[in-house]
Amino acid sequence: MAGVTTLGELASAIGVRAEEAAIVAELKAGSEDAYAWLIGEFQRPVYGLVYRMVSDPADAADTTQDVFLKVFRGMKHFHGESSLKTWIYRIALHEAANRKRWWFRHKAQETSIEPAESDSFASRDEAMQNALTDQHDSPFDNVAHREVQQRVDQELRRLPEPYRTTLILRDLEEMSYEEIAEVLQISLGTVKSRLTRGRQALKQRLAPYVREVGGELGLTMPEENVGSQSDLLKSTIAGGGEGFEVTP
């Protein structure tokens, strides 16, 4: 199995696969408990993934429902060639891409593609605000963190595909290289290449912003290495600006 390097990891992987096979069998048999588990396990991460792709809470909620309808209807065709998670994420990405194409055909003439700066956070549902905001921060820190999150999120949306999706899967969804390769149906080398280029592109897009507000917020860009750029994206969007280095 890809990514397994020790006997312990092999045993663990076999155990996970066996447990998943049992769950899939229950799903195919129409078990309500199994479907309740599936929704509880994947609804929030699927919504988060779709939201990053479509950038609108209402569209993300509708698309997430479509994803689970496709999962339920397609379960009989799932034969375990990939993990259940990667199969569901592949469906989610496909449905999100369809939603974006529909949006551009039907709504792009009516509404700006970018959310208004003043209400981009107000328009998000409570669950997304709780996920993106540290409630223990001071009022000033909350405002500063939200501003940074908004800007990083904005620049992430402007990254070209396929770099944007690969960054989301790795640095926000924390999927392994092997899982990303399965979801996107590309090679491991292509995954790593897209990550490197995507992180560098995002850093370049953020550099002017950090130069502009860094003194006020006490932020500097991380050094030139892949790890720090990954931390920049992951912790800033998910947790409130910690991906930037704070100047002493």
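1. A good place to start is Tyr 47, which counts as buried because its relative accessibility is 15%, and buried means under 20%. The model in which this residue is seen is a predicted one. Tyr 51 is also buried, with a relative accessible area of 4%. Both tyrosines belong to helix α2, where they lie four residues apart, about one turn of the helix. An α-helix has 3.6 residues a turn, so residues three or four places apart point the same way.

2. The structure holds five aromatic pairs. One of them is made by Tyr 35 and Phe 72, and this pair is edge-to-face, with 4.7 Å from centre to centre and 90° between the planes. The pair links distant parts of the chain, since Tyr 35 is in helix α2 and Phe 72 is in helix α3, 37 residues apart. How is the pair of Tyr 47 and Tyr 51 arranged, by comparison of its ring planes? The centres of these two rings are 6.2 Å apart and their planes meet at 20°, so the pair is stacked.

3. The surroundings of the edge-to-face pair deserve a separate remark. Tyr 35 counts as buried because its relative accessibility is 18%, whereas Phe 72, at 29% relative accessibility, counts as partly exposed. Ring pairs also join Phe 68 to the picture, linking Tyr 35, Phe 68 and Phe 72 into a cluster.

4. Two lysines should be looked at together with aromatic rings. The charged end of Lys 85 sits over the ring of Tyr 89, at 5.7 Å from its centre. In the other case, the charged end of Lys 192 sits over the ring of Tyr 177, and here the distance from the ring centre is 5.5 Å.

5. Turning to the interior, the largest nonpolar core has 47 residues, and those with the most contacts inside it are Val 46, Met 75 and Leu 84. Several helices supply at least two residues each to this core, among them α1 (7-28), α4 (84-106) and α9 (188-217). Which helix gives the most to this core? It is α2, with 11 residues. In soluble globular proteins, nonpolar side chains tend to be buried together.

6. Leu 84 can be followed in detail from one neighbour to the next. When residues up to four places away in sequence are not counted, Leu 84 touches Glu 20, Val 24, Leu 27, Trp 37, Leu 38, Phe 42, Met 75 and Phe 78.

7. Helices α7 and α8 can be read one after the other. Helix α7 is mostly covered, with eight of its 10 residues buried; the buried residues include Arg 164 and Asp 171 as well as Leu 167, Ile 168 and Leu 169. Just after α7, Glu 174 takes a positive phi of about 55°. In α8, the residues Ile 180, Ala 181 and Val 183 are buried. Seen down the axis of α8, these buried residues fall within an arc of 165°, so they line one face of the helix. Gln 185, which follows α8, has a positive phi near 55°.

8. Finally, the chain as a whole may be described. Its secondary structure comes to 10 helices and two strands, in the order α-α-α-α-α-α-α-α-α-β-α-β along the sequence. Of its 248 residues, 43% count as buried. Among contacts between residues at least 6 apart in sequence, 66% join residues at least 24 apart. The chain exposes about 13,200 Å², of which carbon and sulfur atoms supply 53%.

Key. Residues numbered from 1 in each chain as written. Predicted model: local features only at pLDDT ≥ 70, side-chain atom pairs only at ≥ 80, totals over all residues. Heavy atoms only, no water. Core = buried A, V, L, I, M, F, W, Y, C linked by side-chain atoms within 4.5 Å. Buried < 20%, exposed > 50% of the residue type's maximum accessible area, 1.4 Å probe, protein only. Contact = heavy atoms within 4.5 Å. Arc of directions from axis to C-beta. Areas by Shrake-Rupley, 256 points an atom, 1.4 Å probe, with all protein chains shown as cover. Phe/Tyr/Trp six-rings, centres within 6.5 Å; stacked < 30°, edge-to-face > 60°. Lys NZ or Arg CZ within 6 Å of the ring centre and 35° of its normal.
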